[in-house]
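User: I am new to this structure. Take me through it in short questions and answers, please.

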Amino acid sequence: MNSPHNLQLFPGSAAAHWLTQLRTASPLVHCLTNQVVQNFTANVLLALGASPAMVVARQEAGDFSAIASGLLVNVGTLNETQVEAMLLAVASANGAGVPWVLDPVAVGGLGYRTDFAHRLLTMQPAAIRGNASEIMALAGFSSAGRGVDSTDDSLDALPAAVELANRCGAIVAVTGAIDYVTDGQTCYALPFGDPLMTRVVGTGCALSAVVAAFLSLDKGKRLELVACACMVMAFCGGAAAKESAGPGSFVPRFLDLLYQLQPEHLMGKTL
Ligand SMILES: Nc1ncnc2c1ncn2[C@@H]1O[C@H](COP(=O)(O)OP(=O)(O)OP(=O)(O)O)[C@@H](O)[C@H]1O
Ligand SMILES: Cc1ncsc1CCO
Ligand SMILES: [Mg+2]
């Protein structure tokens, strides 16, 4: 993506189509995610119409990822047991043709998770979703991340996202004030969120699970499906923020809007 003409607004009509497909398919999403966001992630998937399952034991993770519709690997609270389960789950998902998503939480300054994320990069993730600092760090660009939160702008991370997509063949979504989703050639811009989404934990982590849910719908449409996941989450987050007094009232409103969202809302009808 060297020229600006490849930067496009994602069409709401495509998101509307895939939202309907998601509700019909109700994909089973195997989530190997961090301890902070388990409950919120499951509730986001359920509200949208997908089916979450956190099957974390190394004795079961490989068996389960092979029968899931999609797999999420989030390194937010990584430990040795989880590393083992994640490697088994990814290998098994790959063997069964199940798409998997990498969420590189706080990759950059911390060696253990950064080394592991680089190992995962060689295992063919269908998509990578992270904030600007995480995507820049994962791509090897200098970043200013601080813990799990981004201190970089998503537009500044776009070259890193493009480079990462070309290097490992994954669709890369970098989130922030505007989300950007790229396959290394085309790039969709999604300007729908609200800063309040960063004042509750897990909107990004839950989005990565939603990416896994959408990816299961069609293996040939990965770019479109990742963009669709970003649009749905930011669209509902933006609308919920307008009706919320702060983080506490945002979360229930957000879940309600994910549940109430209809295809026509994504094409301009007020939610
Ligand atoms: N400044 C912002 N303005 C509007 N929307 C935003 C802003 N920052 C993030 N968002 C939205 O918040 C959601 C999460 O993105 P973010 O980049 O904060 O992920 P994250 O840092 O991985 O989150 P977490 O680690 O808490 O799960 C996305 O839907 C994104 O569009
Ligand atoms: C707060 C936090 N710490 C590790 S993972 C996580 C969730 C947000 O990424
Ligand atoms: Mg994150």
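User: Which residues does Arg-129 touch, not counting those up to four places away in sequence?

Analyst: This is a predicted model. Arg-129 lies in strand S6, residues 127-131. Leaving out residues up to four places away in sequence, Arg-129 touches Val-101, Asp-103, Ala-173, Thr-175, Leu-207, Ser-208 and Val-211.

User: Is Arg-129 buried or exposed?

Analyst: The cut-off for a buried residue is 20 or more other C-beta atoms within 10 Å. Arg-129 has 32 C-beta neighbours inside 10 Å, so Arg-129 counts as buried.

User: Which residues does UniProt list with Arg-129 for "binding site", and why do they gather at one spot?

Analyst: The UniProt record, an unreviewed entry, lists Arg-129 and Thr-175 for "binding site". They span 47 residues in sequence, yet no two of their C-alpha atoms are more than 7.5 Å apart, so they gather at one spot. The residue listed with Arg-129 is Thr-175.

User: Where is Thr-175, and what is it in contact with beyond four places in sequence?

Analyst: Thr-175 sits in strand S7, residues 171-175. Thr-175 has 28 C-beta neighbours inside 10 Å and counts as buried. Beyond four places in sequence, the contacts of Thr-175 are Arg-129, Asn-131, Ser-154, Gly-204, Leu-207 and Cys-230.

User: Which residues come nearest to ligand 1?

Analyst: Around ligand 1 there are 23 residues. By class they divide into 10 nonpolar, 10 polar and 3 charged. Those that come nearest are Asn-131, Thr-175, Gly-193, Met-197 and Gly-204.

User: Which element gives the most to the shell around ligand 1?

Analyst: Two elements give two or more residues to this shell: helix H8 (203-215) and helix H9 (222-242). The one that gives the most, with 4 residues, is H8.

User: What span does H9 reach, and what is expected?

Analyst: H9 has 21 residues. At 1.5 Å a residue, the expected span is 30 Å. From its first C-alpha to its last, H9 reaches a value close to that, 31 Å.

User: How many residues of H9 are buried?

Analyst: H9 is largely enclosed by the rest of the structure, because most of its 21 residues are buried. The count is 19.

User: Which residues surround ligand 2, and how many of them are charged?

Analyst: Ligand 2 is surrounded by Asn-34, Val-36, Val-37, Gly-76, Thr-77, Val-105, Val-148, Val-201, Gly-202 and Cys-205. By class, this shell has 6 nonpolar and 4 polar residues. The number of charged residues is none.

User: Is Gly-202 buried or exposed, and what does it contact beyond four places in sequence?

Analyst: Gly-202 lies in the loop between strand S9 (187-190) and H8. Gly-202 has 24 other C-beta atoms within 10 Å, so Gly-202 is buried. Beyond four places in sequence, Gly-202 is in contact with Val-36, Val-37, Phe-40 and Thr-41.

User: Which residue does UniProt list with Gly-202 for "binding site"?

Analyst: The unreviewed UniProt entry lists two residues here, one of them Gly-202. The other lies in the loop between strand S3 (51-53) and helix H3 (58-67). It is partly exposed, with 15 other C-beta atoms within 10 Å. The residue is Met-54.

User: What is the phi of Ala-106, and where does the residue lie?

Analyst: Ala-106 is in the loop between strand S5 (100-103) and helix H5 (111-121). Ala-106 is buried, with 24 C-beta neighbours inside 10 Å. Although Ala-106 is not a glycine, its phi is positive, at about 60°.

User: Is Gln-124 buried or partly exposed?

Analyst: Gln-124 is in the loop between H5 and S6. Its phi is near 60°, a positive value in a residue other than glycine. With 14 other C-beta atoms within 10 Å, Gln-124 is partly exposed.

User: Is Lys-269 buried or exposed?

Analyst: Lys-269 is in the segment after helix H10 (247-260). The cut-off for an exposed residue is 12 or fewer other C-beta atoms within 10 Å. Lys-269 has 11, so Lys-269 is exposed.

User: What confidence does the predictor give?

Analyst: The mean pLDDT of the protein chain is 96, and 98% of its residues reach 70 or more. For the complex, the predictor gives a pTM of 0.97 and an ipTM of 0.98.

Terms used. Residues are numbered from 1 along each chain as its sequence is written. Chains are lettered from A and ligands numbered from 1 in the order in which they are written. This is a predicted model: local features need pLDDT of at least 70, side-chain atom pairs count only at pLDDT 80 or more; totals for chains, interfaces and linings use all residues. pLDDT is the predictor's confidence in each residue, from 0 to 100. A residue is near a molecule or strand if its C-beta atom, placed from the backbone, lies within 6 Å of it. Ala, Val, Leu, Ile, Met, Phe, Trp, Tyr, Cys and Pro count as nonpolar, Asp, Glu, Lys and Arg as charged, and the others, Gly among them, as polar. The expected span of a helix is 1.5 Å times one less than its number of residues. UniProt positions are given in the numbering used here, feature names are shortened, and annotations may be inferred rather than shown by experiment. Two residues are in contact if their C-beta atoms, placed from the backbone, lie within 7 Å.
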